[in-house]
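Hi everyone, thanks for coming along. I have one structure to walk you through this morning, so let me put it on the screen.

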Amino acid sequence: STSASFIMPAAKRLLEEHGLSQSQVPATGPGGRLLKEDVLAFVRNRGN
Amino acid sequence: MKTVRHELVVLGGGPAGYVAAIRAAQLGIDVACIDENAQFGGTCVRVGCIPSKALLESSHLYEEAKHKFSDHGINVEGLGFDLDAMMARKKKIVDTLTGGIDMLFKKKGVTPYRGRGKFTDHETIQVDGDEPVLVQADQVLICAGSRPARLSFIEEDGERIGNSTTALSFPEVPKRLIVIGGGYIGLEMSAVWNRLGSEVIVLEALDRIMPGIDGEIAQLAHRTFKRQGLDIRTSTFVDSAKRDGDECVVQIKDGEALRADRVLLSTGRSPATDNIGLESIGLETDKRGFISVNEEFQTSLEGVYAIGDCIGGAMLAHKAMEEAIVCVERMVGIKSHINYDVIPAIVYTHPEIAMVGQTEEQLKEAGIEYKKGVCPFGANGRARTLGEPEGRVKILADAATDRVLGVHIIGARAGDMIAEAATAMEFGASSEDIARTCHAHPTMSEIVHEAALAVDDRAIHTL
């Protein structure tokens, strides 16, 4: 997926804690922003 | 009769109409704006938001001088007020702002027409001003606004028994004022006259005041208003109100007859769509008088658009202004949007009440699981220095995603504090995003920050 245009502060924390890069996680926020919920959903799906 | 032609004609010069006209002019459209009043600005500027806020501030300052200056070590002797001067100040503010619209129209190239505008066909409006004129346009935007709703059993005489416009210009402070309707208009006017010395009785048919405001916040407000001296009676129906000489008699259903020297009817607002000639173009309204539009604000007639109070939804000036921008921009192909989920609402009493997004009641009803973070004003240093330790910020966030779903504030300056919450929600923010945003210290905005921290039990300044 394409890189998010902007990473929200809470998403940044989560990416780092899970050892993810922003390019791995699809962003759904306004203007292509990567939201906390995007990272949470990615981590949850990866767990399955 | 003279006939003129424009590309766009805007019928109504309130927040919907004047903003639409100015935006259209900016976009290079040859635009005209028609208003029946001598001053542009609509309800909001002439007899709504602006004059009510002017009187709220004057009466608030008097109240502060009376009860709070001594806390600061300031002694005031012989304190009083001059109602005529307060009214003159209010008028000056209104005149300045309406004059500002005239100036903006001139500079930005909007052609104004003063007089009552009525459709004669779908692209022609007859303006019955000092110089009657037929205004033709390729496209017409209806911004007819609203007016105070009337009730058949309330005999308004526009003097002793009147609406919000009447209550903004009482010639003297009523000894006793009965307010029918416990919504934001009724409560704001109650606050003004109560502070200036009136005994105020608020009669509300519902079991709570301020429907639409989060229940917990409304309850806190109710308690505070009572302490301030308002006699608020909920679940109270009015059978009739009529004038009796220099007094008014309000008959409570299955109850007593109350007497007062003034009565304010504030039970809502109705769309003002009944005398603009809609019948001559075959445009029907719903039973209440609202005009139906699609997502582009087009009515059922090609080239005829409508926005603002006359299409329903939240009857708020900023909602109308937002629709104005989006409607006009979409006419020229700019794909702008309005997000109805993020429109703040404010009651300008003291404490102020402000909200954006969903209430706890709405979330429960929708079955959405949520987390809640609360911070009281008393935990905030700035609030203490301002002598405003009463109030709270409540943030509601989705239990699974942490996305902010609603923010509710009661307390001083809540109306200004809510803007941060609206911006955050517009960007899809989580409560953690707000919590991780640096807020200046000491400011009231830190209460929002603490409430965001409190969503996940990380608040620093509260237990």
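I'll start with the small chain, move on to the interface, and finish with the annotated binding site.

Please keep in mind throughout that this is a predicted model.

So, chain A. It has 48 residues, of which 35% count as buried. You can see two helices and two strands, and along the sequence they come in the order β-α-β-α. The C-alpha atoms fit a box of roughly 30 × 20 × 15 Å along the principal axes. If you take the contacts in chain A with a separation of 6 or more, 43% of them are between residues 24 or more positions apart.

Now let's see how chain A sits against chain B. On the chain B side, 13 residues make contact, and they meet 11 residues of chain A. Together the two chains bury about 1000 Å², with 52% of that on carbon and sulfur atoms. Which residues of chain B lose the most area to chain A? They are Phe427(B), Glu432(B) and Asp433(B), and together they make up 45% of what the chain B side buries.

There is polar chemistry here too. The count between the two chains is four salt bridges, and the rule finds five residue pairs in polar contact across the interface, both partners at pLDDT 80 or more. One salt bridge I'd like you to look at joins Lys36(A) to Asp402(B), with the closest N and O atoms 2.6 Å apart.

Stay with Asp402(B) for a moment, as it also has a partner within chain B: its side chain makes a polar contact of 3.1 Å with that of Lys371(B). Lys371(B) sits in strand β20, residues 370-376. Is this lysine buried or exposed? It counts as buried, because its relative accessibility is 18% and the cut-off is under 20%. The side chain of Lys371(B) also has a polar contact of 3.3 Å with the side chain of Asp456(B). Beyond its sequence neighbours, Lys371(B) touches a set of residues that includes Ile395(B), Leu396(B), Asp398(B) and Val455(B).

On to the annotation. An unreviewed UniProt entry lists residues 7-324 of chain B as "domain: FAD/NAD(P)-binding". Over that range the chain is 32% helix and 25% strand, and the C-alpha atoms at its two ends are 16 Å apart.

UniProt, again from an unreviewed entry, also gives a "binding site" whose residues include Gly181(B), Ile185(B), Glu204(B) and Gly268(B). The full set is spread over 88 residues of sequence, yet it clusters in space, with a largest C-alpha distance of 14.3 Å. Two of its members, Ile185(B) and Gly268(B), are included in the lining of the largest cavity.

Let's compare two of those site residues. Ile185(B) is in helix α6, residues 184-195, and counts as partly exposed because its relative accessibility is 23%. Leaving out close sequence neighbours, Ile185(B) touches Ser164(B), Ser266(B) and Arg269(B).

Glu204(B), by contrast, is buried, with a relative accessible area of 8%. Glu204(B) lies in the loop between β10 and α7. A polar atom of the Glu204(B) side chain is 2.8 Å from the backbone nitrogen of Leu206(B). Farther off in sequence, Glu204(B) touches the glycines Gly181(B), Gly182(B) and Gly183(B), and among its other contacts are Arg233(B) and Thr236(B).

That's my tour, and I'm happy to take questions.

Definitions and conventions: Residues are numbered from 1 along each chain as its sequence is written. Chains are lettered from A and ligands numbered from 1 in the order in which they are written. This is a predicted model: local features need pLDDT of at least 70, side-chain atom pairs count only at pLDDT 80 or more; totals for chains, interfaces and linings use all residues. Side-chain values use heavy atoms; hydrogens and water are left out. UniProt positions are given in the numbering used here, feature names are shortened, and annotations may be inferred rather than shown by experiment. On a 1 Å grid over the protein atoms alone, a cavity is a set of points where a 1.4 Å probe fits but cannot get out, and a pocket is an open set with protein on both sides within 12 Å along at least five of seven lines; lining residues have an atom within 4 Å of a point. Helices (H or I, at least four residues) and strands (E, at least two) are DSSP runs, numbered from the N terminus. Buried means under 20% relative accessible area, exposed over 50%, partly exposed in between (1.4 Å probe, protein chains only). Contact means heavy atoms within 4.5 Å. A polar contact is a pair of N or O atoms within 3.5 Å; within protein, one must be able to donate a hydrogen and the other to accept it, and residues adjacent in sequence count only if both atoms are side-chain atoms. Buried area is the accessible area (1.4 Å probe) that two parts lose on being put together, summed over both. A salt bridge is a side-chain nitrogen of Lys or Arg within 4 Å of a carboxyl oxygen of Asp or Glu. Lists of a residue's contacts leave out its neighbours within four places in sequence.
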